[in-house]
Amino acid sequence: MSGSMDERLAAADAALKAGRADEAIARLTELLEADPAQAAQVYRALLLHLYKAGSLEEGVRWGEAAIERYPRELEILNLLGVFYRRLLRFPEALAILDRAAKLSPNNVPVQSNRGNVLLDIGEPARAEAVFAKLVRAEPRNSDHQRQLGRALLRQGKVGAAMTRLRQAVALKKDHIEAW
């Protein structure tokens, strides 16, 4: 597609608003390939749509390009960590999420994703510390309660785990994962 950067961005935006995700991804990709010096929000939009489309390898490709240009963009770091985790690239996921956590230690999505990776790699004690902090900050969040229960269960702390899992169900009755 030829045209100015503004026209390409407008075409991508129109495709997004019309629900044509594949077209929007194509337009955003064209835009970034033609001029990588786009704003961080362009990279974020592309990464979000690649995630929704299940294009994990492309998400890593563009996420890595984005953090080269915007090394302190929290949402981009978090998304890249999620892409790595979904691809089972746990060391890379943890490293990038640790980097994001240093930028914003109390960011809930980053900490939640870090805790999930710690569970994935068999570090339930470290995951417990992450989820315990999240539960203290948001005690009525059923997901945090459930994840804390999982971390406790993986350590053999069955009683404490069951308490947290029951709490998760009490907070959200249809929370099947906590049953």
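Helices here are DSSP runs of H or I with at least four residues, numbered from the N terminus, and Gln 41 lies in one of them, helix α3. The model in which this helix appears is a predicted one, and the paragraphs below lead from the chain as a whole to a pair of packed helices, then to the nonpolar core, and finally to a few single residues.

Taken as a whole, the protein chain has 10 helices and 0 strands, and its pattern along the sequence reads α-α-α-α-α-α-α-α-α-α. Measured out along the principal axes, the box filled by its C-alpha atoms is roughly 65 × 30 × 25 Å. Of the 179 residues in the protein chain, 42% count as buried, while the accessible surface comes to about 9,300 Å², with 52% of that surface belonging to carbon and sulfur atoms. If we look at contacts in the protein chain between residues with a separation of 6 or more, 47% of these contacts join residues that are 24 or more positions apart.

A pair of helices can now be taken up in detail. Two packed helices are described by the angle between their axes and the distance between the axes. Helix α4, which covers residues 56-69, packs with helix α5, residues 74-86, at an angle of about 145°, and the two axes are 9 Å apart. The crossing of α4 and α5 is left-handed. On the α4 side, the contact is made by Leu 56, Gly 59, Val 60, Gly 63, Glu 64, Ala 66 and Ile 67, and on the α5 side by Ile 76, Leu 77, Leu 80, Phe 83, Tyr 84 and Arg 86. Sorted by class, the residues in this contact of α4 with α5 are 9 nonpolar, 2 polar and 2 charged.

From this pair we can turn to the core. In soluble globular proteins, nonpolar side chains tend to be buried together. The largest nonpolar core in this model has 45 residues, and those touching the most other members are Leu 46, Trp 62, Ile 76, Phe 83 and Ile 96. At least two residues of this core come from each of α2 (21-34), α3 (40-53), α4, α5, α6 (90-103), α7 (108-120), α8 (124-137) and α9 (142-154). Phe 83 is worth following further, and when its neighbours within four places in sequence are left aside, Phe 83 is in contact with Leu 47, Leu 50, Tyr 51, Ser 55, Leu 56, Gly 59 and Val 60.

Which residues can show what buried and exposed look like in single cases? Leu 31 has its place in helix α2, and because its relative accessible area is 0%, Leu 31 is buried. Its C-alpha atom is separated by 7.0 Å from that of Leu 9, although these two residues are 22 residues apart along the chain. Gln 41 offers a contrasting case, since its relative accessibility is 54% and Gln 41 therefore counts as exposed, the cut-off for exposed being over 50%. Gln 41 and Ala 125 are 84 residues apart in sequence, and their C-alpha atoms are 36 Å apart in space.Further along the chain, Phe 131 is found in helix α8 and counts as buried because its relative accessibility is 0%. Leaving aside neighbours within four places in sequence, Phe 131 is in contact with Ser 112, Gly 115, Asn 116, Leu 119, His 144, Gln 147 and Leu 148. Asn 116, one of these partners, has its place in helix α7 and is buried as well, with a relative accessible area of 12%. When residues up to four places away in sequence are not counted, Asn 116 touches Arg 85, Phe 131, Gln 147 and Arg 150.

The last residue to consider is Leu 88, placed in the loop between α5 and α6. Most residues other than glycine have a negative phi. Phi of Leu 88, however, is near 65°, a positive value in a residue other than glycine. With a relative accessible area of 59%, Leu 88 is exposed.

Terms used: Residues numbered from 1 in each chain as written. Predicted model: local features only at pLDDT ≥ 70, side-chain atom pairs only at ≥ 80, totals over all residues. Heavy atoms only, no water. Axes fitted to C-alpha atoms, helices over the stretch in contact; angles between N-to-C directions. Left-handed = near helix turned anticlockwise from the far one by under 90°. Contact = heavy atoms within 4.5 Å. Nonpolar A, V, L, I, M, F, W, Y, C, P; charged D, E, K, R; others polar. Buried < 20%, exposed > 50% of the residue type's maximum accessible area, 1.4 Å probe, protein only. Areas by Shrake-Rupley, 256 points an atom, 1.4 Å probe, with all protein chains shown as cover. Core = buried A, V, L, I, M, F, W, Y, C linked by side-chain atoms within 4.5 Å.
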